[in-house]
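Trainee: Could you take a close look with me at one part of this model, and then link that part to what lies around it? I would be glad of the cut-offs behind each term as we go.

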Amino acid sequence: MKTIGIGFIGAGDIANLHAEAINELQGAELIGLWNRTHGKGASKALVYGCKVYNSVEELLNDPKIDAVFVLTNMETHCEYTIQAAKAGKHVLVEKPAASSIDELERMNAAIQEAGVQCMPVHNYIYEPAIERARAMIENGKLGAITQFYMMYNIHHADEIRARYPGVIRQILTHHSYTMLYLAGVPKTVSCLMNTVDDTLAPQENVAMANIQMENGTLSHLCASFANDDHSGDPWTCMIKVIGTKGSTRYSYRDFVINDRNGAHSQTYQNYPESIKNTATHFIDRVVRLGEEPLSSIKDAITCQQIIEACELSVEKGIHVTLTKN
């Protein structure tokens with residue numbers, strides 16, 4: 001089996017999970033990484049057991065690298081994805097995949113021209129429970145889908161959320177691609193948001209969206225950095241699909257370790273596992289076998305349309321009808 005060589009552009013916290021997945025995966029090797037701050041990159045490379053590059057160009061010119069993980073801040077995803085595609089490298093890009101629909105369309109054009117694969121980190125849908133839910137929907141076991149819910153209530157300290165663009169872009173992006181995977185294509189969007197204590201971070205830390213799909217399914221998406229939910233059967237992170245013949249549920253609370261994990265007060269094991277599942281699927285199925293990802297850049301464009309519709313709905317206080325691609 002050919003070893004798939006991987007390079008990282010960016011070495012932030014999320015890189016730790018991707019590196020762990022690669023180092024545990026037979027037939028894959030983390031060749032090296034580049035980080036904007038060379039010292040941090042060098043220290044991470046030492047931990048991961050790989051080399052550190054002095055520039056993105058040096059990384060992309062390395063023939064040992066077959067695919068690149070773009071793990072930088074959202075504003076640079078478009079630039080690095082296009083660079084990697086032009087260098088003939090397959091690309092896994094963290095979410096949000098880009099800052100705008102225009103950037104996503106440019107990324108899509110570049111990967112089509114280069115003939116490489118590009119997979120956004122839409123990690124929830126690579127969880128076995130979500131794939132099972134999709135299969136139950138497709139084979140009719142749940143009947144007609146009437147409702148989709150995705151709830152997220154995990155407190156993030158101000159100094160952490162100050163680095164993020166707000167829960168609409170940071171979290172409802174997850175909700176959007178999961179909804180696309182399980183509930184269909186969105187038709188209309190209505191969104192409300194709130195900022196609880198804007199002393200340090202003015203970005204919204206609570207948002208809710210109600211969406212009707214083209215097939216009639218009603219969806220409710222909720223995200224909060226302002227609070228944890230410690231009530232019975234808490235809505236820490238929960239996905240629920242309800243149909244006329246049955247229903248499914250996915251919850252972070254099914255696997256919990258009482259130890260802090262980054263921004264989270266506890267380790268919700270489904271989260272790191274979903275990142276590992278995504279990296280593994282990309283390497284073994286998309287790069288090695290040439291399969292299409294379960295969620296593509298075209299899906300990321302639809303997600304961005306949903307996010308921008310949420311932002312417009314908040315700004316104007318209106319119900320937004322999405323235009324078809």
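Mentor: Happily; here is a walk that begins with one helix pair and moves on from there.

This is a predicted model, in which local features need pLDDT of at least 70, side-chain atom pairs count only at pLDDT 80 or more, and totals for chains, interfaces and linings use all residues. Residues are numbered from 1 along each chain as its sequence is written, and side-chain values use heavy atoms, with hydrogens and water left out.

Let us start with helix H4 (residues 77-86) and helix H5 (residues 101-114), whose axes come within 9 Å and cross at roughly 5 degrees. Helices (H or I, at least four residues) and strands (E, at least two) are DSSP runs, numbered from the N terminus. Axes are lines fitted to C-alpha atoms, for helices over the stretch in contact, and angles run from 0 to 180 degrees between N-to-C directions. H4 and H5 are therefore roughly parallel to each other; angles under 35 degrees count as roughly parallel, over 145 as roughly antiparallel, 65 to 115 as roughly perpendicular and the rest as oblique.

On the H4 side, the contact (heavy atoms within 4.5 Å) is made by His-77, Cys-78, Thr-81, Ile-82 and Ala-85. H5 contributes Glu-103, Arg-106, Met-107, Ala-110, Ile-111 and Ala-114. By class, the contact of H4 with H5 has seven nonpolar, two polar and two charged residues. Here Ala, Val, Leu, Ile, Met, Phe, Trp, Tyr, Cys and Pro count as nonpolar, Asp, Glu, Lys and Arg as charged, and the others, Gly among them, as polar.

Thr-81 of helix H4 deserves a pause. At 0% relative accessibility, Thr-81 counts as buried, a label for under 20% relative accessible area, with exposed over 50% and partly exposed in between (1.4 Å probe, protein chains only). Leaving aside residues up to four places away in sequence, Thr-81 touches Val-70, Val-91, Val-93, Met-107, Ile-111 and Cys-118.

Some of those names lead into strands. Strand E4 (residues 67-70) and strand E5 (residues 90-93) pair in the parallel sense over four bridges, where pairing asks that DSSP finds at least two bridges between two strands. Phe-69 stands opposite Leu-92 in E5. The open sheet of six strands runs E3-E2-E1-E4-E5-E6, with parallel pairing. Strand E3 (51-52) and strand E6 (118-120) stand at its edges, each with a single partner strand, so one side of each is left without a neighbour in the sheet.

Another open sheet has seven strands in the order E12-E11-E7-E10-E9-E8-E15, with mixed pairing. Its edges are strand E12 (247-251) and strand E15 (320-321), each with a single partner strand. Strand E11 (residues 237-243) and E12 pair in the antiparallel sense over five bridges, and Lys-240 stands opposite Arg-249 in E12. Helix H6 (residues 128-138) packs on this sheet, touching strand E7 (145-153), E11 and E12, and its direction makes about 165 degrees with that of E12.

Finally, a look at helix H9 (residues 172-183): 12 of its 12 residues are buried, so H9 is largely enclosed by the rest of the structure. Among them are His-174, His-175, Tyr-177 and Tyr-181. Just after H9, Gly-184 takes a positive phi of about 115 degrees.
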